[in-house]
Amino acid sequence: MNFKQLSYFQDIVRTGSFTEAVEENFISQSAMSQQMKSLEEELGVTLFERKNRGFHLTRAGKFFYQKSQRLLEDYNGLVADTQVLTGTQTVSMRIGLLWGMTESVLPQILAEFKERFPSVQLEIMVGSHEEIGTALRQQKLDMTISDQ
C-alpha cells in the first residue's frame, strides 16, 4: 500500500463516487480502478461492493476507512511540517491586532517573528475589539494580540 492509494480510497469514500474522485485527482477511471484493485489485493480483503454505477463499503472497507483517515492526516501533517522546517513550503497565519497597537507593538513583533519563522507568512488584520472578536469567532483569524 502506498499513500497515494490511501488518498484515492479516501477521496472515493468522501465523495461517494469513483467518477468524482477520478476528476479530483486528474487520473483515468481505469487507473483509479487499478489502484483500488491493487490495494484490495495487498490487504487481502474486499473494500467495495460494486453495484451498477455505484458502490457500498464492505465491513472491512468501513473499518479501513475509519482507521486510515487518521493515518493519512498524520502523513500529510508530517509532509507539511517537514517542508516548513526546510523552508520549502510557506504557512500562512492570520493575526488580529487592535487599532493603536500597530505603532507600538507590531514592528518589533514582526521583526522577531520573521527572524525565527521565515517560512511563515503573516496576514495582519487591524480593527476594533468588536471587529477582531467577530473575525476570530468566524474563524477568519488564527489568533489575536490584545490589550486585555
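Helices α1 and α4 cross in a left-handed manner. This is a predicted model, and the crossing is a good place to enter it. Helix α4 spans residues 59–86, and its axis comes within 10 Å of the axis of α1. The two axes cross at roughly 120°. The two helices are therefore oblique to each other.

Which residues of α1 meet α4? They are Phe3, Leu6, Ser7, Phe9, Gln10, Val13 and Arg14. On the α4 side, the residues they meet are Gly61, Phe64, Tyr65, Ser68, Gln69, Leu71, Leu72 and Tyr75.

Stay with α1 and turn to its other crossing. Helix α1 covers residues 3–15, and helix α2 covers residues 18–25. Their axes come within 8 Å and cross at roughly 130°. That angle makes α1 oblique to α2. Here the crossing is right-handed, whereas α1 and α4 cross in the left-handed sense.

The contacts can be named here too. Helix α1 brings Tyr8, Asp11, Ile12, Arg14 and Thr15. Helix α2 meets them with Phe18, Glu20, Ala21, Glu24 and Asn25. Arg14 appears in both sets: it is among the α1 residues that meet α2, and among those that meet α4.

Now look at the loop between α1 and α2. Ser17 lies there. Is Ser17 buried or exposed? Its relative accessible area is 16%, under the 20% limit, so Ser17 counts as buried. Which residues does Ser17 touch, leaving aside its neighbours within four places in sequence? They are Ile12 and Phe55. Of these, Ile12 is also one of the α1 residues that meet α2.

Follow the chain past α2. The loop between α2 and α3 holds Phe26, and α3 itself takes in residues 29–43. Phe26 is not a glycine, yet its phi is positive, about 55°. Its relative accessible area is 77%. That value is over 50%, so Phe26 is exposed.

The next stop is the sheet. Three strands form an open sheet in the order β4-β3-β5. Their pairing is parallel. Strands β4 (120–127) and β5 (143–145) stand at the edges. Each has a single partner strand, so one side of each is left without a neighbour in the sheet. On average, neighbouring strands are turned by 30° against each other, direction ignored.

How many bridges join β3 to β4? There are eight, and the two strands run parallel. Strand β3 covers residues 91–98. Within this pairing, Ile95 has Ile124 of β4 as its bridge partner. Gly96 stands opposite Met125 in β4.

On its other pairing, β3 joins β5. Three bridges link them, again in the parallel sense. Gly96 takes part here as well, with Thr144 as its bridge partner in β5. Gly96 therefore ties into the picture twice: it stands opposite Met125 in β4 and is bridged to Thr144 in β5.

A helix covers these strands. Helix α7, residues 129–137, lies across β3, β4 and β5. It runs at about 135° to β4. Which residues of α7 are buried? They are Ile132, Gly133 and Ala135. They cover an arc of only 165° around the axis, which puts them on the same side of α7. These buried residues pack against β3, β4 and β5.

The face of α7 turned away from that buried side carries Glu130 and Arg137. Both of these residues are exposed. Helix α7 thus shows two faces: the buried residues pack against the strands, and the face turned away carries exposed residues.

The last stop follows directly. After α7 comes Gln139, in the loop between α7 and β5. What is unusual in its backbone for a residue that is not a glycine? Its phi is positive, about 60°. Gln139 has a relative accessible area of 63%. With more than 50% accessible, Gln139 is exposed. Beyond this loop the chain reaches β5, one of the strands at the edges of the sheet.

Methods:
Residues are numbered from 1 along each chain as its sequence is written. This is a predicted model: local features need pLDDT of at least 70, side-chain atom pairs count only at pLDDT 80 or more; totals for chains, interfaces and linings use all residues. Side-chain values use heavy atoms; hydrogens and water are left out. Two strands pair if DSSP finds at least two bridges between them. Helices (H or I, at least four residues) and strands (E, at least two) are DSSP runs, numbered from the N terminus. Axes are lines fitted to C-alpha atoms, for helices over the stretch in contact, and angles run from 0 to 180 degrees between N-to-C directions. Contact means heavy atoms within 4.5 Å. Buried means under 20% relative accessible area, exposed over 50%, partly exposed in between (1.4 Å probe, protein chains only). The arc is that of the directions from the helix axis to the C-beta atoms. Angles under 35 degrees count as roughly parallel, over 145 as roughly antiparallel, 65 to 115 as roughly perpendicular and the rest as oblique. A crossing is left-handed if the near helix is turned anticlockwise from the far one by less than a right angle, and right-handed if clockwise.
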